[in-house]
Amino acid sequence: MNRAADNIRILAAAMVEKAKSGHPGGAMGGADFINVLYSEYLQFDPKNPTWEGRDRFFLDPGHMSPMLYAELTLIGKFTLEELQQLRQWGSPTPGHPEVCYERGIENSSGPLGQGHTYAIGAAIAAKFLYAKTGNPTFKKETIYTYISDGGIQEEISLGAARIAGNLGLDNLIMFYDANDIQLSTETNVVTCEDTAMRYRALGWEVINIDGNDVEQIRQAIDKAKTIEGKPTLIIGRCIMGKGALQADGSSYEHSCKTHGAPLGGDAYRNTITNLGGNPDDPFVIFPDVQAIYDARLKELENITKTRHEEEQAWATQNPEKAAQLKDWFAGKLPNIDWDSIQQKPNDATRNASSACLSLLAKQVPNMIVSSADLCNSDKTDGFIKGGATVISRDNFGGGFLQAGVAELTMACCCIGMMLHGGVIAACGTFFVFSDYMKPAIRMAALMEVPIKFVWSHDAFRVGEDGPTHEPVEQEAQIRLMEKMKNHSGKNSMLVMRPADGKATTWCWRLAMENTDTPSALILSRQTIEDLPEGTNYKGITKGAYIAAESDNQFDIIFVGNGSEVSTLIAGAKLLRKDGYKVRVVSAPSEGLFREQPIAYQRELFPIGSKVFGLTAGLPVNLQGFLVGAHPSSTIWGLGSFGFSAPYKVLDQKLGFTPENVYEQAINILNEQ
Ligand SMILES: Cc1ncc(C[n+]2csc(CCOP(=O)(O)OP(=O)(O)O)c2C)c(N)n1
Ligand SMILES: [Mg+2]
């Protein structure tokens with residue numbers, strides 16, 4: 001076993017050396033744990049990488065990718081040639097791991113702290129699926145995760161540990177590579193935390209071991225697997241750069257220098273030799289190491305055979321549930337009776353969203369909704385009103401996760417649920433606090449996880465709470481993700497701000513049907529006047545559409561989204577009194593609109609038209625609609641932080657009134 005770990009160390013060091021860039025030290029220190037885990041514990045199906053009941057391994061420190069790639073090579077997921085392509089264009093071995101189930105990579109990692117939080121979400125998903133279906137495979141599944149000093153120091157680790165401890169996730173085992181070294185210093189320069197005490201305080205079982213000792217690793221995992229009602233943290237004291245030697249032959253262990261740079265020259269050669277490898281031919285799997293893994297793969301065939309038989313027996317007894325489970329993992333939605341939703345007239349869109357969630361609670365049994373302690377305000381509690389119960393250590397079949405005040409943690413948990421598979425996750429908070437979720441939004445977009453974000457209190461009309469709570473620049477930030485493509489060539493996110501209750505139903509529908517990317521709904525706190533009778537809401541599927549009562553021949557086009565559309569419609573009425581003709585376009589998602597055939601885009605916004613845009617965010621939100629428009633076209637937005645006052649006062653003071661719309665339009669119309 002030590003030779004196998006040394007083999008991983010050699011491969012990791014050699015990969016980084018060949019790439020002339022990367023992180024050898026941590027990978028070398030963690031090799032013993034990952035070797036024991038994969039050669040003796042992790043249950044996966046060598047023939048079916050997407051087996052629903054597999055154990056999962058979530059890496060948090062993505063910079064330790066060489067460790068993961070080397071390990072996955074031992075189980076046949078990568079070739080030695082591919083290891084030699086570390087960090088090169090087009091290779092399957094990018095600098096930091098990118099999710100790829102076929103290759104055994106459960107999550108993209110790199111931004112420290114997120115990876116282990118996905119694991120917590122996955123552990124919740126496994127418990128949820130067991131509670132919902134009774135399929136015994138989900139009870140046998142263990143979620144392993146690997147965290148390092150960086151992840152432990154990231155704030156998210158507190159929220160993640162709180163949730164895992166509070167829910168008693170005994171299907172979660174986290175290995176902490178405590179090597180006392182981080183990127184620029186030893187850890188004692190920045191922390192004097194008693195990490196074991198923190199995790200114990202949050203309800204975890206904590207086991208301290210020598211993280212480079214095979215027997216101690218085994219005993220710790222064995223013990224962790226027997227613990228009930230608690231997640232387990234195994235704190236492994238590891239040696240950074242284990243086995244590394246300097247050019248002069250002295251120890252190169254426990255050095256920050258090995259964190260993020262090749263060992264280099266003679267240090268590299270000495271190290272490989274010291275570990276039993278050949279510096280001139282380091283990309284080798286030793287035959288005795290291969291034998292260990294061959295034996296394990298054989299063993300896994302038997303283990304999974306038995307597991308599959310158990311699953312089959314369950315499926316035979318529960319054919320309907322088995323069919324349902326298949327759909328869940330395929331991302332297939334059940335029929336949702338959207339037409340049955342009766343939106344109240346002139347309601348706030350957060351309430352309209354609540355009505356949708358109530359229906360989803362009844363009709364989408366594999367959905368989990370979460371809120372960061374704002375469910376009765378962001379109205380995700382519509383899901384509870386629809387029948388979902390709150391998830392707890394005694395009730396994993398509930399569909400609602402009370403995440404506590406921890407937006408980033410919540411988002412990462414939800415992402416983890418979806419990475420696990422079988423679950424659709426949505427999470428809510430105030431739009432202004434989307435700022436606390438950005439790192440997770442970005443990773444969800446990158447990984448193409450179709451999570452749903454629900455952001456209420458969408459604008460300065462939060463009013464009395466003042467500028468701290470009034471989103472202004474948030475929409476511009478989030479919409480940037482609509483402009484960015486993912487690696488599949490699609491918009492990396494679908495962002496929708498509906499104009500009224502019925503539009504909200506449509507946006508939820510689009511969000512649920514979007515299985516390719518994250519979706520977001522941006523919702524109002526205040527009530528909104530409905531769009532005119534006769535509006536064809538189906539236009540939402542094209543990202544922008546004409547509101548009813550628009551004039552076919554028009555002098556000016558008004559464009560906006562959310563509650564601004566009703567202000568524009570009221571402004572249009574004033575303008576018509578002067579004999580002008582107006583088209584009003586609601587544009588819940590410019591990203592989606594830009595994907596439509598150019599003919600449709602031109603039809604809505606003929607070249608040279610005079611356009612007036614109104615947005616409660618930065619004017620840049622609507623700038624795209626002015627391309628090709630008459631030069632007199634303008635946008636009225638908010639160019640500063642908001643202010644504390646009742647929202648109707650703010651509307652007046654900031655010019656979000658029909659009168660101002662009229663005035664601005666007249667200015668545009670009067671220009672040549
Ligand atoms: C959120 C985030 N901040 C900063 C970094 C840059 N970074 C990469 S590794 C690291 C710290 C490494 O310490 P540790 O996790 O102990 O890894 P080791 O040095 O032991 O390999 C930092 C700051 C990052 N990847 N993610
Ligand atoms: Mg470290």
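Q: A polar contact is a pair of N or O atoms within 3.5 Å; what makes leucine 112 and ligand 1 such a pair in this predicted model?
A: A backbone N or O atom of leucine 112 lies 3.1 Å from a nitrogen atom of ligand 1. That value is within 3.5 Å, so the pair counts as a polar contact.

Q: Which other atoms of the protein lie at such distances from an oxygen atom of ligand 1?
A: Glycine 150 places a polar backbone atom 2.8 Å from an oxygen atom of the ligand, and asparagine 179 places a polar side-chain atom 2.7 Å from an oxygen atom of the ligand. Both values are within the 3.5 Å limit and therefore qualify. In total, 16 residues surround ligand 1, and Gly150 and Asn179 are among the closest, together with His63, Ser148 and His259.

Q: What makes Asp149, Asn179 and Ile181 donors of the magnesium ion (ligand 2)?
A: The OD atom of Asp149, OD1 of Asn179 and O of Ile181 lie 2.1 Å from the ion. The cut-off for this metal is 2.8 Å, so these oxygen atoms are donors. Along the chain, the donor residues follow the spacing D-x29-N-x1-I. Asparagine 179 and isoleucine 181 are both buried.

Q: Why is histidine 420 called buried?
A: Its relative accessibility is 2%, and buried means under 20%, so histidine 420 meets the criterion. The residue belongs to helix H17 (residues 407–420). Apart from neighbours within four places in sequence, histidine 420 is in contact with residues including Arg56, Leu129, Phe138, Glu141 and Phe329.

Q: What makes the pair formed by the side chains of histidine 420 and glutamate 141 a polar contact?
A: The two side chains meet at 2.6 Å, which is within 3.5 Å, and the pair therefore counts as a polar contact.

Q: Why do arginine 87 and glutamate 448 count as neither buried nor exposed?
A: Arginine 87 has 29% relative accessibility and glutamate 448 has 24%. Buried ends at 20% and exposed begins over 50%, so both are partly exposed. Arginine 87 is in the loop between helix H4 (80–83) and helix H5 (114–133), while glutamate 448 is in the loop between helix H18 (438–447) and strand E9.

Q: What makes the phi of these two residues worth noting?
A: Most residues other than glycine have a negative phi. Arginine 87, however, has a phi near 70 degrees, and glutamate 448 has one of about 60 degrees.

Q: How do you know that strand E2 (residues 143–148) pairs with E1 and E3?
A: Pairing requires at least two bridges; E1 (residues 56–59) shares four with E2 and E3 (residues 172–178) shares six, so both pair with it, in the parallel sense. In these pairings phenylalanine 57 stands opposite tyrosine 144, and isoleucine 147 has tyrosine 176 of E3 as its bridge partner.

Q: What makes E2 a mostly covered strand?
A: Six of its six residues are buried. Ile143, Thr145 and Ile147 point one way, and Tyr144, Tyr146 and Ser148 the other.

Q: How do you know that E11 (residues 519–522) pairs with E9 and E10?
A: E9 (residues 452–456) is joined to E11 by four bridges and E10 (residues 494–496) by three; at least two are needed, so both pair with E11, running parallel. Tryptophan 455 stands opposite isoleucine 522, and leucine 494 is bridged to serine 519. From E10 the chain crosses through helix H20 (residues 501–513) to E11 in a right-handed β-α-β crossover. Both faces of E11 are covered, with Ser519 and Leu521 on one side and Ala520 and Ile522 on the other, all buried.

How values were computed: Residues are numbered from 1 along each chain as its sequence is written. Chains are lettered from A and ligands numbered from 1 in the order in which they are written. This is a predicted model: local features need pLDDT of at least 70, side-chain atom pairs count only at pLDDT 80 or more; totals for chains, interfaces and linings use all residues. Side-chain values use heavy atoms; hydrogens and water are left out. Donors are N, O and S atoms within 2.8 Å of the metal (3.2 Å for Na, K and Ca); water is not among the atoms, so sites may look incomplete. Buried means under 20% relative accessible area, exposed over 50%, partly exposed in between (1.4 Å probe, protein chains only). A polar contact is a pair of N or O atoms within 3.5 Å; within protein, one must be able to donate a hydrogen and the other to accept it, and residues adjacent in sequence count only if both atoms are side-chain atoms. Contact means heavy atoms within 4.5 Å. A crossover is right-handed if, with the strands pointing away from the viewer, the path from the first strand over the helix to the second runs clockwise. A residue is near a molecule or strand if one of its heavy atoms lies within 4 Å of it.
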